[in-house]
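I opened this notebook to keep track of what I looked up, going from the whole chain to single residues. The entries follow the order in which I asked my questions.

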Amino acid sequence: MSARVAAVETGPVSVPTETAYETSLSIAAGEAESYDHVLVRVETDAGVTGLGEVAPLPTWPHGLTQSAVVDLIADRLAPRLEGESLDRIPRLVDRAERALSDEPFPLCGVDVALYDALGKTRDLPVYDLLGGAPDGEATIDLHYSIGIRPPAEVRDLAVEARDDGFTAFKVKVGGPDFPAEREAIAAIADAVPDARIRVDANQGWSAAEAVRRVPLLDADADGLVLVEQPVPSDDIAGLRRVREATGVPVLADEACFSPADVATLAARDACDLVNIKLAKTGGLTRARDVATVADAHGLPCFMGSMLELGVGTAANAHFAASSPAVSYPTGVLNVHAASTLIDAPEAWSPAGDRFTVPDAPGLGVTLDDAAVERYRTD
């Protein structure tokens with residue numbers, strides 16, 4: 001007899017920011033001083049605990065407050081999941097999704113916790129539950145992420161990254177000082193001659209601004225790999241305009257949450273690839289659906305994050321390692337908080353531009369109970 005869900009519990013935490021990672025969205029909203037996330041526990045009748053995490057980020061499309069996530073999981077999801085079999089996760093997700101009315105963030109935490117519990121029950125890592133590593137080894141390529149910073153700081157970070165073996169860079173742009181952003185991109189290209197640079201505006205420009213600015217950054221970078229979400233999430237025509245006018249590949253992020261979004265973007269020739277984030281899709285189940293639809297439309301995928309802590313970071317890594325659709329280096333292991341809230345965080349700290357996901361059952365992480373208690377807010 002399969003294990004069943006006995007209880008679904010949440011634990012809100014507020015972990016102080018340790019290193020700044022400014023984006024056009026965070027600058028507009030004011031710099032956050034903490035990561036106000038929600039830990040999710042799925043307890044089973046076999047005594048196994050599955051872990052998940054929600055990074056609500058209210059400034060995002062469909063973003064929620066921490067308290068809203070806690071309430072939605074308690075009121076709408078837990079009653080529908082308790083007593084159900086772990087062997088039916090896709091069906092449980094279908095049911096939970098209908099109860100949430102297009103709010104993927106709470107669903108993500110629960111979905112991941114269900115997979116973690118199932119992996120522990122079956123003594124398999126989550127990436128094997130998702131079909132296994134395409135090449136037999138659960139290894140992912142990494143890029144080096146740099147937020148909006150002064151050009152001199154960006155150069156120093158690029159040199160540090162180069163010395164650690166990185167050649168792929170993701171750089172945030174779309175802030176109030178475009179000349180400084182140009183200088184920063186040029187500094188990376190100068191410090192790392194073989195750098196592969198992509199920029200992410202996080203909706204920071206209008207289509208007209210993007211059409212003017214992307215070619216300039218492309219020249220500064222000696223050829224951009226891509227530009228990510230240059231225009232507002234609802235401006236699909238703007239995405240296509242940037243793609244056609246600049247010739248630089250366009251990655252859809254805030255504009256792409258669901259499989260239906262992928263189909264819409266593809267039908268309108270609005271992007272060249274899509275960014276999969278578990279928080280956007282509602283977890284691992286729907287992330288697989290997004291990847292499948294993207295592949296059917298000939299769109300490769302990038303694996304992004306919502307700056308999760310240790311549990312969410314592990315989930316992101318398991319998905320990236322399991323999906324053949326994810327073909328670009330990823331930054332899902334970047335953590336900017338004072339604590340990841342997991343034991344042995346060094347096991348999830350890459351030493352260079354490649355990382356092998358641990359093969360322990362489930363996500364392969366356990367909570368640092370003392371750290372969780374220190375940062376709990378309920």
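Before placing any residue in a loop, I noted that helices, of at least four residues, and strands, of at least two, are DSSP runs numbered from the N terminus. I also noted that this is a predicted model.

**Entry 1: a loop residue, Leu-57**

With that definition in hand, I found Leu-57 in the loop between strand E3 (49-54) and helix H2 (66-81). Is Leu-57 buried or exposed, or something in between? I wrote down partly exposed, because its relative accessibility is 36% and that class covers what lies between 20% and 50%. Leaving out residues up to four places away in sequence, I listed Gly-63, Leu-64 and Met-306 as the residues that Leu-57 touches. I also looked up Ala-279, which is 222 residues from Leu-57 in sequence, while their C-alpha atoms are 9.9 Å apart in space.

**Entry 2: the whole protein**

I then stepped back and counted 14 helices and twelve strands in the secondary structure. Along the principal axes, the C-alpha atoms fill a box of roughly 60 × 40 × 40 Å. Does the radius of gyration agree or disagree with that of a compact globule? It agrees, because a compact globule of 378 residues would have a value near 21 Å and the protein has 20 Å.

I noted that 56% of the 378 residues count as buried, and that the accessible surface comes to about 14400 Å², with 46% of this belonging to carbon and sulfur atoms. Of the contacts between residues at least 6 apart in sequence, 75% join residues that are at least 24 apart. For the charges, I recorded 31 positive and 60 negative side chains, and the centres of the two sets lie 6 Å apart.

**Entry 3: aromatic rings**

How many aromatic pairs does the structure hold? I found five aromatic pairs. One of them is formed by Trp-348 and Phe-355, and this pair is tilted, with 5.8 Å centre to centre and 40° between the planes. Both Trp-348 and Phe-355 are buried. I also saw that ring pairs link Tyr-144, Phe-166 and Phe-169 into a cluster.

From that cluster I followed Phe-166, which lies in the loop between helix H6 (151-163) and strand E6 (168-172). Phe-166 counts as buried because its relative accessible area is 9%, and the cut-off for buried is under 20%. Its cluster partner Tyr-144 is 22 residues away in sequence, and the two C-alpha atoms are 6.6 Å apart in space. Apart from neighbours within four places in sequence, the residues in contact with Phe-166 include Leu-142, His-143, Tyr-144 and Ala-161, and also Val-192, Gly-352 and Asp-353.

**Entry 4: a strand residue, His-37**

Where is His-37 found? I placed His-37 in strand E2, which spans residues 34-44. His-37 counts as buried, because its relative accessibility is 5%. When I set aside neighbours within four places in sequence, the contacts of His-37 included Gly-11, Pro-12 and Val-13, then Glu-53, Val-54, Ala-55 and Pro-56, then Gln-66, and finally Leu-307, Glu-308 and Leu-309.

**Entry 5: a glycine after strand E6**

I next looked at Gly-175, which lies in the loop between E6 and helix H7 (178-191). With a relative accessible area of 14%, Gly-175 is buried. Beyond its neighbours within four places in sequence, Gly-175 is in contact with Ser-24, Ile-148 and Glu-181. I also noted Ala-201, which is 26 residues from Gly-175 in sequence and 7.9 Å from it in space, C-alpha to C-alpha.

**Entry 6: positive phi values**

Last, I looked up two residues for their backbone angles. Gln-203 has a positive phi of about 70°, although it is not a glycine. Gln-203 is found in the loop between strand E7 (196-200) and helix H8 (207-220), and Gln-203 counts as buried, at 17% relative accessibility.

Asp-269 also has a positive phi, near 50°, and is a residue other than glycine. Asp-269 lies in the loop between helix H10 (259-267) and strand E10 (273-276). I entered Asp-269 as partly exposed, because its relative accessibility is 37%.

Notes
Residues are numbered from 1 along each chain as its sequence is written. This is a predicted model: local features need pLDDT of at least 70, side-chain atom pairs count only at pLDDT 80 or more; totals for chains, interfaces and linings use all residues. Side-chain values use heavy atoms; hydrogens and water are left out. Buried means under 20% relative accessible area, exposed over 50%, partly exposed in between (1.4 Å probe, protein chains only). Contact means heavy atoms within 4.5 Å. The radius of gyration is taken over C-alpha atoms; the globule rule is 2.2 Å times the number of residues to the power 0.38. Accessible areas come from the Shrake-Rupley method with a 1.4 Å probe; for residues, only the protein chains shown count as cover. Lys and Arg count as positive and Asp and Glu as negative; His and the chain ends are not counted. The place of a charge is taken as NZ of Lys, CZ of Arg, CG of Asp or CD of Glu. Rings of Phe, Tyr and Trp (its six-membered ring) pair if their centres lie within 6.5 Å; planes under 30 degrees apart count as stacked, over 60 as edge-to-face and the rest as tilted.
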